[in-house]
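Subject: The structure I promised you

Hi,

Here is the structure we talked about, so open it up and keep it beside you while you read. My notes come after it.

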Amino acid sequence: MFDSFYLVIGRIIVYFFLITVVTTVFIAIFVIYSFRTGTFPFPNVVLSGILVLEGSIKALFRLFKVDDSIVDNVVIRLRNKVSLKRFESLPFEKKAIFLPQCLRSVDCPAKLSPEGIQCINCGRCNIGGAKKKLESIGYMVFVVPGSSFIKRMMLKYKPEAILGVGCISEVKDGQDLCHRFGVPAVGIQLDTDGCISTALDWDVFYNTAKAYHTAAKADKIASESSH
Ligand code: SF4
């Protein structure tokens, strides 16, 4: 009686282990395929699979000496794919943008407040102009030193969608946080990582924010009304 009970339990464990290994290998191949081709079929299913087996997929990558940050990269792109439609469908006023403080000039004179860096648009970096443009069309814009600020601003202002910029780990953590809040989040990775004077592809940023034409229109209206 007990022998057959333990046999059944043993079989279940072996089957579970085999299914986990096969699924891990399958998803790992899928991750590499998506990373190389930029195509992401069944994004919701694959994203769920990666998130459940993330540890073992990364371990498999390390075992074969493949850079495991590929997994994070694909997770970010999958989340973007899943979130972009909702993000774009909402009016600017309901959306928040989070920029990292490392994008600032090293000589930034702005002070830190409970809502992040209070940019005074001194002209030493691109943040000042971007913030002004984006706020003029309705976005809430924050320049933040870390994810604790993002959480606080989400609780306070309750944006319905988010566009965040950061290094790969910040973007992934930020998207995880937004996911826990049920808020769709689109992430853009910095071109260069680091703690100071990082770089961003501002064309990609403005295109994702859908702010190019709208901000240009707002500029035109403002300059016409000032004459
Ligand atoms: S534009 Fe704003 S963020 Fe950039 S250096 Fe000046 S005050 Fe700092």
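One definition before anything else: a residue counts as exposed when its relative accessible area is over 50%, and as buried when that area is under 20%. Keep in mind too that this is a predicted model.

Let's try the definition out on Lys65, which you'll find in the loop between H2 and H3. Is Lys65 buried or exposed? Its relative accessible area is 77%, so Lys65 is exposed. The backbone is worth a look there as well, since phi of Lys65 is near 55°, a positive value in a residue other than glycine. Most residues other than glycine have a negative phi. Ser197 is another case, with a positive phi near 45°. Ser197 sits in the loop between E6 and helix H7 (202-209), and with a relative accessible area of 43% it is partly exposed.

Now for the two helices on either side of the Lys65 loop. Helix H2 (residues 43-63) and helix H3 (residues 69-89) pack at an angle of about 170°, and their axes are 10 Å apart. That angle makes H2 roughly antiparallel to H3. On the H2 side, the residues that meet H3 include Val46, Leu47, Ile50 and Phe61; on the H3 side, Val71, Val74, Leu78 and Val82 are among those that meet H2. Sorted by type, the residues of this contact come to 13 nonpolar, 1 polar and 5 charged.

One of the charged ones deserves a click: Glu54, which lies in helix H2. Its relative accessible area is 16%, so Glu54 is buried. Which residues does Glu54 touch, leaving aside those up to four places away in sequence? They are Asp72 and Lys172. Arg86 is another story: its C-alpha atom is separated from that of Glu54 by 25 Å, and the two residues are 32 apart along the chain.

Next, the sheet. It is an open sheet of 4 strands in the order E4-E1-E5-E6, with parallel pairing. Strand E4 (140-144) and E6 are the edge strands, each pairing on one side only. On average, neighbouring strands are turned by 15° against each other, direction ignored. If you want to see one pairing up close, pick strand E1 (residues 95-100) and E4: 5 bridges join them, and they run parallel. Ala96 stands opposite Met140 in E4. H3 comes back here too, because it packs on the sheet and touches E1, E5 and E6, with its direction making about 130° with that of E6.

Last stop is H6, which lies across E1, E5 and E6 and runs at about 175° to E6. How far apart are the end C-alpha atoms of H6? Helix H6 (residues 168-181) has 14 residues and should span 20 Å at 1.5 Å a residue; the ends are 20 Å apart, so the two agree. Several H6 residues are buried, including Ile168, Val171, Lys172 and Leu177. Lys172 is the residue you already met as a contact of Glu54. The cover over the buried residues of H6 includes H2, H3, helix H5 (147-157), strand E5 (161-166) and strand E6 (185-189). Right after H6 comes Gly182, with a positive phi near 75°.

Have a click around and tell me what you think!

Cheers

Note on methods: Residues numbered from 1 in each chain as written. Predicted model: local features only at pLDDT ≥ 70, side-chain atom pairs only at ≥ 80, totals over all residues. Heavy atoms only, no water. Axes fitted to C-alpha atoms, helices over the stretch in contact; angles between N-to-C directions. Parallel < 35°, antiparallel > 145°, perpendicular 65-115°, else oblique. Contact = heavy atoms within 4.5 Å. Nonpolar A, V, L, I, M, F, W, Y, C, P; charged D, E, K, R; others polar. Expected span 1.5 Å × (residues − 1). Buried < 20%, exposed > 50% of the residue type's maximum accessible area, 1.4 Å probe, protein only. Pairing = 2+ DSSP bridges.
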